[in-house]
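This report is meant for a reader who is meeting this structure for the first time. Please keep the sequence and the 3D view at hand while reading.

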Amino acid sequence: MKMSLTDTIKKTLVPIHREGYPFIAAFFVASLLLGLIWEPLFWIGLVLTVWCIYFYRDPERFTPIDDQLVIAPADGVVSSVGPAFPPQELGLSGEMMRVSIFMDVFSCHINRSPVRGRISMIEHRPGKFLNADLDKASQENERNGLVIETSHGPVGVVQIAGLVARRIVCWAQPTSEIVAGERFGLIRFGSRVDVYLPEGAKPRVAVGQTAVGGETVIAEFGSSHPAPLVRVS
C-alpha cells in the first residue's frame, strides 16, 4: 500500500523544468503585489501562476528505441503532413516530407529530438510572430533550425515562434550526438515544430491527430505501408 501511494504521488507531481522557475517566481510576486492593490487581483494572479507552473511541466516520456522510427518532437496537434521546402539556412535541397506539430499555450513545450544522430548545424533566424498554425509561418516567423545527420540522411528540425511565443530556447550544441526523445530546447507560450525528413520516410500520423512528444511515432523509414487515413469518431 505504501509503495502504491508513493508511485501515485510521483506520477501526479510532474517535474518542472528549471527554465520556468524565474517566470513562476515573477508571476507569484506580481500576484502578491497586485493583491495589495485589490484582493481579487491576487486570485487572478494566482491562477496565472498555476498556469505558468503547468506550462513549464517536464514529464518523463518513454521513447521507442528504433532508428527506423521518427518520434514526435513536441506535444500538440499535427497541423501539416506533406512535401515542403525546408528553410534555406538549413542547406537542405529540394522538397522533403514535412510533419508540423502546433503547440498551444496549454501544451507541454519541451522539445525533443525526433531521431538519433549527430547535430551538424544549428541556425537561428529572426522573423515575424505570425500565428504558428499558418503554413507561411515556416518561412516568415522567427525560428531556430537543427540538422541532424542520421543513417537515413539529414533530418531538419525547426523550432518556430508563434503569435504569443517570443522566446526560443535551444541548449543543444553543434557536432554533438543526440538520441531520439532527448530534450534539446523549448519555446515559450505557443508555437510550432517542423520536422523535415529525407526520402524513404513514410508519415504515420494524420492532420488533426494529437501527438505526444518523445512517444508518438510520426514517421517510419523502410516501410511499404502508405500514410494512414483518419477517421473522426
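The following paragraphs treat charged pairs, sheets, a buried polar residue, nonpolar cores and cysteines in turn.

**Salt bridges**

The model is a predicted one, and it holds 10 salt bridges. As a general matter, side chains of opposite charge can pair when their charged atoms come close. Three of the pairs are set out in the table below.

| Pair | Closest N and O atoms | Separation in sequence |
|---|---|---|
| Asp58 and Arg112 | 3.8 Å | 54 residues |
| Arg183 and Asp58 | 2.8 Å | 125 residues |
| Arg143 and Glu89 | 2.7 Å | 54 residues |

Asp58 appears in two of these rows, forming a salt bridge with Arg112 and another with Arg183. Asp58 lies in the loop between helix 3 (39-55) and strand 1 (69-71), whereas Arg112 belongs to strand 4 (residues 110-112), and the pair thus links distant parts of the chain. Arg183 lies in strand 10 (residues 183-187), so its pairing with Asp58 ties together parts that are 125 residues apart in sequence. These three residues, together with Glu60, are linked in a network of salt bridges.

Are the members of this network buried or exposed, taking Asp58 and Arg112 as the examples? Asp58 and Arg112 are both buried; for Asp58 the relative accessibility is 9%, and the residue counts as buried because this lies under the cut-off of 20%. Arg183, in turn, has a relative accessibility of 26% and therefore counts as partly exposed, a class that lies between 20% and 50%.

The salt bridge between Arg143 and Glu89 also links distant parts of the chain, with Arg143 in strand 6 (residues 143-150) and Glu89 in the loop between strand 2 (76-84) and strand 3 (96-103). Arg143 is buried, its relative accessible area being 7%, and Glu89 counts as buried as well, at 10% relative accessibility.

**Two open sheets**

In general, strands of a sheet pair through backbone hydrogen bonds, either parallel or antiparallel. Strand 4 and strand 10, already met through Arg112 and Arg183, belong to an open sheet of 3 strands with the order 4-10-8 and antiparallel pairing. The edges of this sheet are formed by strand 4 and strand 8 (168-170), each of which pairs on one side only, and the twist from one strand to the next averages 25°. Strand 4 and strand 10 run antiparallel and are joined by 3 bridges. Within this arrangement, Arg112 stands opposite Arg183 in strand 10, and both of these arginines are part of the salt-bridge network that includes Asp58.

Another open sheet of 3 strands, likewise described as antiparallel, follows the order 1-14-12. Strand 1 and strand 12 (201-203) each have a single partner strand and stand at the edges, so that one side of each is left without a neighbour in the sheet. On average, neighbouring strands of this sheet are turned by 30° against each other, direction ignored. Strand 12 and strand 14 (residues 217-221) pair in the antiparallel sense over 3 bridges, and Pro203 stands opposite Ala219 in strand 14.

**A buried asparagine**

Asn144 is found in strand 6, and with a relative accessible area of 5% this residue is buried. Which residues does Asn144 contact, leaving aside its neighbours within four places in sequence? Ile122, Glu123, His124, Val157, Val158, Gln159, Ile168 and Cys170 are in contact with Asn144.

**Nonpolar cores and cysteines**

In soluble globular proteins, nonpolar side chains tend to be buried together. The largest nonpolar core of this model has 28 residues, and Val70, Leu197 and Ile218 are those with the most contacts inside it. Two or more residues are given to this core by each of strand 3, strand 6, strand 7 (153-161), strand 10, strand 11 (191-197) and strand 14. Leaving aside neighbours within four places in sequence, Leu197 is in contact with Val70, Met96, Met97, Val155, Ala219 and Phe221. A second, separate core of 9 residues includes Leu92, Ala137, Val158 and Ile160; among these, Val158 is also one of the contacts of Asn144.

As for the cysteines, the count of disulfides comes to 0. Cys108 is buried at 2% relative accessibility, whereas Cys170, at 26% relative accessibility, counts as partly exposed.

Technical notes
Residues are numbered from 1 along each chain as its sequence is written. This is a predicted model: local features need pLDDT of at least 70, side-chain atom pairs count only at pLDDT 80 or more; totals for chains, interfaces and linings use all residues. Side-chain values use heavy atoms; hydrogens and water are left out. A salt bridge is a side-chain nitrogen of Lys or Arg within 4 Å of a carboxyl oxygen of Asp or Glu. Helices (H or I, at least four residues) and strands (E, at least two) are DSSP runs, numbered from the N terminus. Buried means under 20% relative accessible area, exposed over 50%, partly exposed in between (1.4 Å probe, protein chains only). Contact means heavy atoms within 4.5 Å. Two strands pair if DSSP finds at least two bridges between them. Axes are lines fitted to C-alpha atoms, for helices over the stretch in contact, and angles run from 0 to 180 degrees between N-to-C directions. A disulfide is a pair of cysteine sulfur atoms within 2.5 Å. A nonpolar core is a set of buried Ala, Val, Leu, Ile, Met, Phe, Trp, Tyr and Cys residues joined through side-chain atoms within 4.5 Å.
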